[in-house]
Amino acid sequence: MKKLLFSFFILFLILFGVILSTVFTQTGNKMVQPFLQTALEKGLNMDVELDRFSLFPVDIKMKVGKDSNITLKGKMDLIHQTFNIDYDLKIKDLEEFEPLIQQKLKGPLFTQGNLKGKIDLFQVKGKSDLAQSDTKYFVVVKDFNVSKVVAYIKNAHLDKLLYMVDKPPFLSGKMDLNAKLTSLDPSNLQGDIKALLHKTVIDKELMKKEFGVTIPKTSLAGGAVAKLEGNTVKVDTKIDSNLLKILVEGTIRPSNLGIDLKYDANIKELALLKPITNTNLRGAFSTQGTVKGDKEKMSIKGTSNIADSKGDYYVELKEFSPKRVDLDLKNAKIDKLLYMVGKPKFIVGKIDVDAKLTNLDPNNLEGTFKTVIHPSYINRRLMKKEFKLNLPKTTLKGGADIKLAGTDVTIDSKIDSNLLKIFLKGDLDTKKLGVNLKYDANIKELALLQPLINVPIQGAFSTKGIVKGDKKRMVIGGVSNIASSKGKYYVELKELNPRKVNLDLKNAKIEKLLAMVGKPQFLFGKIDIDAKLTNLDPNNLKGTFKTVIHPSYVNRKLMKREFNIDLPKTTLQGEAFAKLSGQDIGVDVNLDSNLLNAILKGDINTKQLATNLSYKFDIKELGLLKPLTGLDFRGSVFAEGSLKGNKKESILKGITNLANSNSSYEIVLKEFSPYKASIDIKDAKLRELLHTLNMPLYANANIDSKIELENFDPKKLSGYIHSTIRNGYTNAKVLEKEFGFYKANISFSADQKSEIKKGVIKSDVTLHSSVADLSTHNATYHLPTGRLNIQYLLKIPDLNNLYFVTKQRMRGSLDLTGKIKKAKSFLVTAHSDTLGGKVDLVIFNDEVNGKIKGIKFVELTDMLYYPRVFDSIMDATLHYNLLTQQGDLKAQAFDGHILPNEMSMILSQMANFDITKEIYKLTELNSTINKKIILSSLDMKSRLTHITSNDAMLDMENNRVDAKLRIDLRGRPLYVKIKGDIYNPSITLDIKSLFTDRVKKEIDKHLGDKIPSEIKGFLEKLF
């Protein structure tokens, strides 16, 4: 920032000098303005536009860059060479000035002030909003050198400062900075600088988002003081927080870059430093020590508790480059070291590290490096939790001894454990990249290496051999018992790239190979692998690759337990041979089994990616392949055909008996992706297809289908699909088991025609069945978006045929028309003219809304086989949720009357009242639905009666009714109970009130006043 301001001041002075010596009039000012603008553009290397230019008085306004402005106003005295000028600098984005100040800064800057004095001695006084602060400054310039600086920065926002210097704003808070420098001569510095942090916190969310670091709430406090006294700068810095404490004090000599400092750092979470160090370290760390010396020779000496160790270190520098390093760590905790570098703490124990490097020149390294791993153990719980591995109790110990002498490195390392033994011994030449090493590894459980190599392998493995050679030619040769085999390998490298590979495995156990790569051990047997590759250049491969599977058998118990597949005794054997000759590969594969036979023969060209292959496979049980493919297919399939062509275009054609059909196919591939397909399916069996897909055998039918498709991009797919389903019939037992349908013996047939254009499928479907007929016309489905639009007609000639799903006896027929739409939401509409009225139904996602208008109540009860008890015209509305199975029904009946029934006969006999002659202008029924239970309230009123009921219960699952009616007959209440089977309920009438009235009338009529008063009182109480 100082460079930026000072550059502008110097340019102003040069500008004034040139202009003062050449221009004295307004006319002259206008003449020189374009030349001056060009000079400024060259000097600043930026676009400059002079809006105003006048020297007497000074009035200059210029636009610099895209949107930064500089304004100068004031006076100049040519005779005395004095000036008094006010300046105003507004920079919209400092990033634009990077070429000028040679530092990347961002954000806006505003400053204004005054330049006053003479050319050889003047002062600058101003203020600024640097980082939203309240900044004031005073600068004295003598003979074009800054001789004094005073600056007061109040409440500078740290997040704005970080943004300004192009760092993530991981700190928020404020900083004060006071600087008083009375002399800036390097040999006689005078002054002091003080910085203070306050209200500073670390942005937890940004640390998590930008650096993947999770920390608790963390605040910072502290500051720094620097006192400049002649040739010495005394510094005293302190940063304090709940996670970080750093102290630095001592002296710095700028003249010779001499340093004499003490430091003490206690960091509870190293991840805090990631925004500064950009290093993925975490955990606690503390160190104390000194830094002494100068540019010629400097030393750093200290102690550390890294990973709870007792650590000493010494670093010697010359010209600030390390020349010697001594490091001695005792009893460092391995789990904490692993945690520090971001690895799971899968080893618990201690390690010593002793490094003495006397020369760090990469071309002439000198020193020793020694590590000792004390008896440690594997964290079994973590291995189980993180890697799903069950390990026995595992300990390990060992270490490494490395000697560096120039370009020669001697290595002697050993790791010893009950599950792992590794030895490595020999020499390296870092200059020639020469190697002469012997190795011996015996690993009883490869899973131990998962935390390091991040590859899911397991099982035992041992190998030993040698590595010899240099960068020009290197060989690796050894033996191995991989998968209990007798294995030999030889690898030859040139320029560190493999050029020749020989691998010979005899009698490797297939189940162990499967276990090693984390696959179920579904196959037991042995395999030979013989690979001889004499040239590994991808453009000129040469060699042979041969595998022989000896007679092996499928693990039937595992197939049943893991994949629920029942297999007969199954054996497998075969051979595979590949010959590589330049860009041509000849393949010959033959697998033979009582459940699987496969043959693949032909040629492949690796340059043109051309193929000329014939194939034939006969799989009697697809479930056999599930451990490899992961596809849950069952049943048998046969196919044979060929694959010919190249990357640009190839054709896969053949015949198959999939789903017991007689089918053929031809598929054109472009860039190995399907482009055209022609498939002819004849007489496929639906039952076999369901079995292949491992689905319940809902039905059987014969299926014929012709499919022509082109361009498999969902937005461009075109073609047609014509299918016919014949002789279909359902499997009643399966439908009852899967859906609870009762005796769903349904025969069916169907015809489907679909035309596809640019991803839009238009279909006509006709389905005939013994239950209903369904037809759709011009139904559309938009592949890219999944939008569906169907208009349908459903004809049900006999509703009683739906008993298997409704569990409700019904009579009559029903025709439904409607639409099915699916975009973001799902919509179904249905309409029927039935029961003398209209029924409309709308299903929107899970909500069902229905409207019934003008239906005849008698026809409704007849349709449901319910007794005729009431006759009227009815309207109703229904609201129902398919997920909760809850809703409500509100119905109104008009001009209704009760039909003769058991209840009306009782009323006629006991009350001498014919209720069937009453007219009910309005009958209201309000019902709540909770799954299969309907609770209803009833209200109906005529001239002489008022009938009500509350919480009348209808159990649709068990066809039961339980209701109590109150009948107000000429103001006298009667109660009727209706209970039992819906089709034949029992009806009882509470006749006490009717009986009482009739007895009283008969007594009064025949006995009158002849009854004694005592007996009359008794009778009144009785009745």
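## Surface patch, ring pairs and two helices

Modeller: To begin at the surface, L631, F633, L689, L693 and M695 form a nonpolar patch with about 390 Å² of accessible area together. Such patches take residues with over 30% relative accessible area and no salt bridge, joining nonpolar side chains (Val, Leu, Ile, Met, Phe, Trp, Tyr) within 5 Å and like charges within 9 Å; a salt bridge is a side-chain nitrogen of Lys or Arg within 4 Å of a carboxyl oxygen of Asp or Glu, and areas come from the Shrake-Rupley method with a 1.4 Å probe, where for residues only the protein chains shown count as cover.

Colleague: What sort of model is this?

Modeller: This is a predicted model, in which local features need pLDDT of at least 70 and side-chain atom pairs count only at pLDDT 80 or more, while totals for chains, interfaces and linings use all residues. Residues are numbered from 1 along each chain as its sequence is written, and side-chain values use heavy atoms, with hydrogens and water left out.

Colleague: Back to the patch: where is F633?

Modeller: F633 is in the loop between helix 12 (626–629) and strand 37 (637–645), where helices (H or I, at least four residues) and strands (E, at least two) are DSSP runs numbered from the N terminus.

Colleague: And is F633 buried, partly exposed or exposed?

Modeller: F633 has a relative accessible area of 34%, so it is partly exposed, which lies between buried (under 20%) and exposed (over 50%), with a 1.4 Å probe and protein chains only.

Colleague: New topic: how many aromatic pairs are there?

Modeller: There are seven aromatic pairs, counting rings of Phe, Tyr and Trp (its six-membered ring) with centres within 6.5 Å, and calling planes under 30 degrees apart stacked, over 60 edge-to-face and the rest tilted. The pair of F741 and F804 is edge-to-face because the planes stand at 80 degrees, with the ring centres 5.4 Å apart. This pair links distant parts of the chain, 63 residues apart, with F741 in the loop between helix 14 (732–739) and strand 43 (747–757) and F804 in helix 15 (residues 803–806).

Colleague: Which residues do ring pairs link into a cluster?

Modeller: The cluster consists of Y698, F739, F741 and F804; F741 counts as partly exposed at 21% relative accessibility, whereas F804 counts as buried at 11%.

Colleague: What about helix 8, which residues are buried there?

Modeller: In helix 8 (residues 380–387) the buried residues are L382, M383 and F387. They lie on the same side of helix 8 because they cover an arc of only 100 degrees around the axis, taken from the directions from the helix axis to the C-beta atoms. The face turned away from that buried side carries the exposed residues R381 and K385.
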